[in-house]
Amino acid sequence: MTSSTTDYLATGRKVITIEAEGLTALAAGLDESFARAVETILKAKGRVIVSGMGKSGHIARKIAATFASTGTPAQFVHPAEASHGDLGMVTRDDVALMLSNSGETPELADMIAHTRRFSIPLIGVASRPDSTLLRQSDVALVLPQAPEACGSGVVPTTSTTMTLALGDAIAVALMEHRRFTPEMFRTFHPGGKLGAKLSKVSDLMHTDMPLVSETTPMSEALLEISRKGFGVVGVTDARGDLVGIITDGDLRRHMAGLLEHNAAEVMTRNPRTITPGVLAEAAVAVMNECKITCLFAVDGRRPVGILHIHDCLRAGVV
């Protein structure tokens, strides 16, 4: 290991340690103001308008995105653009969350004045309790005094990390109060790996199923298998309930005189099934456990869809 490599590692560890100490101080300093901020957002009929300038603006965008994806309607409004017409996005039903390390960011002045004029609840986040932002706020969240990790104290590092963590803490507190579930989370995350992991069987299953009745001749059952392309066919009774399934293994076992049989004589009874509301990952687990490639989804005992392992692969579930 070269001396320069050692220096880089030492710097990296120092930065992370300084920021971690800032987060520890932030956690220790949370008080009733944090609870009031959460309650203020919960009472709002509209959205959370999150704003900040510069690095605080980047953090504000992320906080707004986290809120929006976890059940709290939110929108980032750029403070400079707000002064040129975007204040119209901030309504009496909203609550404003403004971020500024110093609390004296001049670009926030018009937004602060707008919230005061129209009695819009304002939550301020800054490191100076006597700053303009926190003095004007209905709820003041004070960041603890902690050194920036850059060494010179001029680059926002520890302060932005603390602000981001504070936004996450508010978002999770709101989630827990609203009992935000993984299923609700998927509603806002339909794409990507995360959306795939939270897909339900009903999202991926086919409703045009290969089905025949118990009395169907095997010649017709074979045509249905070929026509639907799943390699299997479900067998239903007179009530329409799924009572069996015919797979390629069943066909091989009855190869001698196959066409002389009907579906009920060839099928495997009581096949493994799944319900439409189950996560697709659970369906994959069942298919892997049973070494099968298809599952019928049932409502009670009535088939409502069929899921193939390839559907899960295409969706990125596995």
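**Exercise 1. In this predicted model, determine which residues of helix 11 (residues 218–228) are buried and where they sit around its axis.**

Step 1. Buried residues in helix 11 include Met218, Ala221, Glu224 and Ile225.

Step 2. These residues span an arc of only 110° around the axis, so they lie on the same side of helix 11. An α-helix has 3.6 residues a turn, so residues three or four places apart point the same way.

Step 3. On the other side of helix 11 one finds Leu223, Ser226 and Arg227, which are exposed.

Step 4. The cover over the buried residues of helix 11 includes strand 6 (211–213), strand 7 (233–236) and strand 8 (242–246), together with helix 12 (248–253) and helix 13 (263–266).

Step 5. Two residues named above, Glu224 and Arg227, also belong to a network of salt bridges in which they are linked with Asp208 and Lys228.

**Exercise 2. Compare the salt bridges Arg47–Asp94, Asp248–Arg252 and Asp311–Arg314 by location and by exposure.**

Step 1. A search of the whole structure finds 12 salt bridges, and in the one between Arg47 and Asp94 the closest N and O atoms are 3.5 Å apart. Because Arg47 lies in the loop between helix 2 (32–43) and strand 1 (48–52), while Asp94 lies in the loop between helix 4 and strand 3, the pair ties together parts that are 47 residues apart in sequence. Arg47 is partly exposed at 26% relative accessibility, whereas Asp94, at 3%, is buried.

Step 2. Asp248 and Arg252, whose closest N and O atoms are 3.5 Å apart, both belong to helix 12, where four residues, about one turn, separate them. Asp248 is partly exposed, at 46% relative accessible area, and Arg252 is exposed, at 56%.

Step 3. Asp311 and Arg314 meet at 2.6 Å, N to O, and are three residues apart in helix 15 (residues 309–315), about one helical turn. Here Asp311 is buried, with a relative accessible area of 7%, while Arg314 is exposed at 64%.

**Exercise 3. Describe the surroundings of two loop residues, His78 and Ser100.**

Step 1. His78, which the unreviewed UniProt entry annotates as "binding site", lies in the loop between strand 2 (74–76) and helix 4 (79–82). His78 is partly exposed, at 27% relative accessible area, and its side chain reaches the backbone nitrogen of Ala80 at 3.1 Å. Beyond neighbours within four places in sequence, His78 contacts Ser51, Met53 and Arg61.

Step 2. Ser100, in the loop between strand 3 (95–99) and helix 5 (109–117), is buried at 3% relative accessible area. Its side chain makes a polar contact of 2.6 Å with that of Thr105.

How values were computed
Residues are numbered from 1 along each chain as its sequence is written. This is a predicted model: local features need pLDDT of at least 70, side-chain atom pairs count only at pLDDT 80 or more; totals for chains, interfaces and linings use all residues. Side-chain values use heavy atoms; hydrogens and water are left out. UniProt positions are given in the numbering used here, feature names are shortened, and annotations may be inferred rather than shown by experiment. Buried means under 20% relative accessible area, exposed over 50%, partly exposed in between (1.4 Å probe, protein chains only). Contact means heavy atoms within 4.5 Å. A polar contact is a pair of N or O atoms within 3.5 Å; within protein, one must be able to donate a hydrogen and the other to accept it, and residues adjacent in sequence count only if both atoms are side-chain atoms. The arc is that of the directions from the helix axis to the C-beta atoms. A salt bridge is a side-chain nitrogen of Lys or Arg within 4 Å of a carboxyl oxygen of Asp or Glu.
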